[in-house]
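Q: Please take a close look at one part of the structure shown here, and then set it among its surroundings.

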Amino acid sequence: MKRVSLVTGASRGIGQATAIRLAEDGYDVVVNYLRQGDAARDVVDRIEQAGRRGLAIRADVASRDEVRRMVAEAAEVLGPVSVLVNNAGIYQRVTVDQMEPDRWERTLSVNLSGAFHTIQAVLPAMRQEGWGRIVNVSSQVGLRGTDHGADYAASKAGLLGLTKAVALEVAREGITVNAVAPGTIETDIIRNYSKEDREIRSRHIPVGRIGLPEEVASMVSYLASEEARYITGATLHVNGGYLIV
Ligand code: NAP
């Protein structure tokens, strides 16, 4: 059966690796981005090299209208979305006492409300088809907290609640809803970490290194597959064992 996937924030990092992996798995892929159109179009090229169709669409996931327009355009060009990966996210290192209310609002709007908007926009088509996969990219920070990013931790913990609630609502309709909680992954989001900071972090990760975007993408690929049909409302950890210790 023909399947179309939508990966938010797919111009870089984990979203980019996930978009390419889903294309390799046989999906056509909508590559959502906010600012980096050239990078998004490069991802579309790689999707086409994998033999699938790709479509780059600019939309701020924090905007309900932009998300609705994106999902409508995706349906028109590629077909209705049956795999949704809510990956777009922002993070800035700042303590709660230094945090401007605007920063708090923006983080919650992108990281949490963005997933709400996309889920609302894609569910009617998934229901109609009687099949769907939704994967929300949370974070170990949503489970464990962090000392620089209360907005981020709250948004990522919120995603876990959203995941479980929607999973219950659609459980009998062939639609699964799961979360992936990555540990520290080598992307732009951590580009400001110093060498020393990286070494300290790696020492605290049981497998001894920072993870790769492709290692998160392979978990998303599994959750999107037919084989994962009995997994819903779950949080899957991709963190090199970080939460064990
Ligand atoms: P990244 O390299 O900074 O990439 C972020 C992506 O999100 C970019 O494609 C960006 O688009 C897009 N984006 C940002 N704001 C957006 C908005 N309002 N609307 C649409 N797209 C938007 O991030 P990453 O490290 O790959 O992280 C991806 C996800 O994994 C995030 O949700 C993050 O919280 C989560 N995560 C990351 C780590 C990690 O260590 N890297 C760990 C745990 C969880 P443009 O390129 O157009 O700006």
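At what relative accessibility does Arg106 stand, and what does Arg106 count as on that basis?

A: Arg106 has a relative accessibility of 30% and counts as partly exposed. Buried means under 20% relative accessible area, exposed means over 50%, and partly exposed covers the range in between, with a 1.4 Å probe and protein chains only. The model is predicted, so local features need pLDDT of at least 70 and side-chain atom pairs count only at pLDDT 80 or more, whereas totals for chains, interfaces and linings use all residues. Residues are numbered from 1 along each chain as its sequence is written, and side-chain values use heavy atoms, with hydrogens and water left out.

The side chain of Arg106 meets that of Asp60 in a salt bridge, at 3.1 Å from N to O. The term stands for a side-chain nitrogen of Lys or Arg within 4 Å of a carboxyl oxygen of Asp or Glu. Side chains of opposite charge can pair when their charged atoms come close. Arg106 belongs to helix H4, while Asp60 sits in the loop between strand S3 (54–58) and helix H3 (64–77), so the pair ties together parts that are 46 residues apart in sequence. Helices (H or I, at least four residues) and strands (E, at least two) are DSSP runs, numbered from the N terminus. Unlike its partly exposed partner, Asp60 is buried, with a relative accessible area of 15%.

The structure holds 14 salt bridges. One of them joins Lys195 and Glu199, whose closest N and O atoms are 3.5 Å apart. These two residues are 4 apart in helix H7 (residues 195–203), which means about one helical turn separates them. Lys195 is exposed at 65% relative accessible area, and Glu199 is partly exposed at 40%. Arg209 and Glu215 form another salt bridge, with 2.8 Å between the closest N and O atoms. Arg209 is partly exposed, with a relative accessible area of 38%, and Glu215 counts as partly exposed at 31%. Salt bridges also link Asp28, Arg52 and Arg53 in a network.

Helix H4, the helix that holds Arg106, also takes part in the surroundings of the ligand. H4 (101–129) supplies at least two residues of the shell, as do helix H1 (13–24), strand S2 (28–33) and helix H6 (150–170). A residue is near the ligand if one of its heavy atoms lies within 4 Å of it. There are 33 residues around the ligand, of which Ser11, Arg35, Asn87, Tyr152 and Thr187 come nearest. The shell divides into 15 nonpolar, 12 polar and 6 charged residues. Here Ala, Val, Leu, Ile, Met, Phe, Trp, Tyr, Cys and Pro count as nonpolar, Asp, Glu, Lys and Arg as charged, and the others, Gly among them, as polar.

Next come the polar contacts of the ligand, where a polar contact is a pair of N or O atoms within 3.5 Å; within protein, one atom must be able to donate a hydrogen and the other to accept it, and residues adjacent in sequence count only if both atoms are side-chain atoms. A ligand oxygen is 2.6 Å from an N or O atom in the side chain of Ser11. A ligand oxygen is also 2.8 Å from a polar backbone atom of Ile14. Val61 offers a polar backbone atom 3.1 Å from a nitrogen of the ligand. The ligand has 910 Å² of accessible area on its own, and the protein covers 96% of this. Accessible areas come from the Shrake-Rupley method with a 1.4 Å probe, and for residues only the protein chains shown count as cover.

The structure holds 1 aromatic pair. Its members are Tyr91 and Tyr152, with ring centres 4.8 Å apart and planes at 65 degrees, so the pair is edge-to-face. Rings of Phe, Tyr and Trp (its six-membered ring) pair if their centres lie within 6.5 Å; planes under 30 degrees apart count as stacked, over 60 as edge-to-face and the rest as tilted. Tyr91 lies in the loop between strand S4 (81–86) and H4, and Tyr152 in helix H6, so this pair links parts of the chain 61 residues apart. Both tyrosines, Tyr91 and Tyr152, are buried.
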